[in-house]
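Biologist: Please take me through one part of this chain in detail, and then show how the rest is packed around the middle.

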Amino acid sequence: MKQKDKLFYCAQCGTMHVRNGGVEKLDYEIAEFSPNAQGEKVFMPFWRVYASLIVRSKNVEGGTLFKIANFLKGGDSGNMFIYIPAADLNTGDFRRMAVQFTSSPPRYSTRLKFGNEVRIPAAISKQEAAELADFVVVTMEAEQPGVLQRLDYTLTVNDTKLVYLPYVRNAQGQLMPGL
């Protein structure tokens, strides 16, 4: 089944926009493929959410807020980038990619155009991504080493940017990062 892209791209002027009761231009960037990337090249859309996290109180059995503390350089509050896959993915792939890039933000050089490579359609809106940022933060912290019992926090979205990351489809049809 062919997926419908919620985003519109003008190859002539390079504008990306969404139509939702009006036209909203989107800030975006395109990551360059690694020179070693082999196979079918595609671009997967992600929302990069720049957010401020303030932990008001917590209760962690047998540990600390290990992952959040690592992002925030040892504290319970600060700013962080949260990567939300914008493609239509199953829950496992969505969670894996979100946690992977949020815990280890991708480093890449950018390019100006998509060229002849395919863009995977975006199925998640900017507003949905901002709402899903909470899910990613809690999911990341809910894993070991400590068992999260309670977390009272505030997550404020400061900015959201669309980032197209390169992927390569291998011989088995799986998408692998092409950074």
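**Asp 5 and its surroundings**

Modeller: Asp 5 sits in the segment that precedes strand S1 (7–9); helices (H or I, at least four residues) and strands (E, at least two) are DSSP runs, numbered from the N terminus. This is a predicted model, in which local features need pLDDT of at least 70 and side-chain atom pairs count only at pLDDT 80 or more, while totals for chains, interfaces and linings use all residues. Residues are numbered from 1 along each chain as its sequence is written, and side-chain values use heavy atoms, with hydrogens and water left out.

With a relative accessibility of 16%, Asp 5 counts as buried (under 20% relative accessible area; exposed is over 50%, partly exposed in between; 1.4 Å probe, protein chains only). A polar atom of the Asp 5 side chain lies 3.0 Å from the backbone nitrogen of Leu 7, and a polar atom of that side chain lies 2.9 Å from the backbone nitrogen of Ala 122. Leaving aside neighbours within four places in sequence, Asp 5 is in contact (heavy atoms within 4.5 Å) with Arg 119, Ile 120, Pro 121 and Ala 122.

Leu 7 also touches His 17, a residue of strand S2. His 17 is buried, at a relative accessible area of 13%. Beyond four places in sequence, the other contacts of His 17 are Phe 8, Val 23, Glu 24, Lys 25 and Leu 26. The side chains of His 17 and Arg 19 are joined by a polar contact of 3.2 Å (a pair of N or O atoms within 3.5 Å; within protein, one must be able to donate a hydrogen and the other to accept it, and residues adjacent in sequence count only if both atoms are side-chain atoms).

Leu 7 leads on to the largest nonpolar core, which has 35 residues; Leu 7, Met 16, Trp 47, Ile 82, Ile 84 and Leu 155 have the most contacts inside it. Such a core is a set of buried Ala, Val, Leu, Ile, Met, Phe, Trp, Tyr and Cys residues joined through side-chain atoms within 4.5 Å. At least two residues of this core come from each of strands S2 (16–19), S4 (28–31), S5 (40–61), S6 (77–85) and S9 (147–169) and helices H2 (91–103) and H3 (126–141). Leu 155, setting aside neighbours within four places in sequence, is in contact with Ala 51, Ser 52, Leu 53, Ile 82, Ala 133, Asp 134 and Val 137. Apart from this core lies another, of 12 residues, including Met 44, Ala 87, Val 163 and Tyr 167.

The axes of H2 and H3 come within 10 Å and cross at roughly 80° (lines fitted to C-alpha atoms, for helices over the stretch in contact, with angles from 0 to 180 degrees between N-to-C directions). H2 and H3 are therefore roughly perpendicular (65 to 115 degrees; under 35 is roughly parallel, over 145 roughly antiparallel, the rest oblique). Among the residues making the contact are Phe 94 and Arg 95 of H2 and Leu 132 and Phe 135 of H3.

For the whole chain, 41% of the 179 residues count as buried, and there are three helices and 10 strands.
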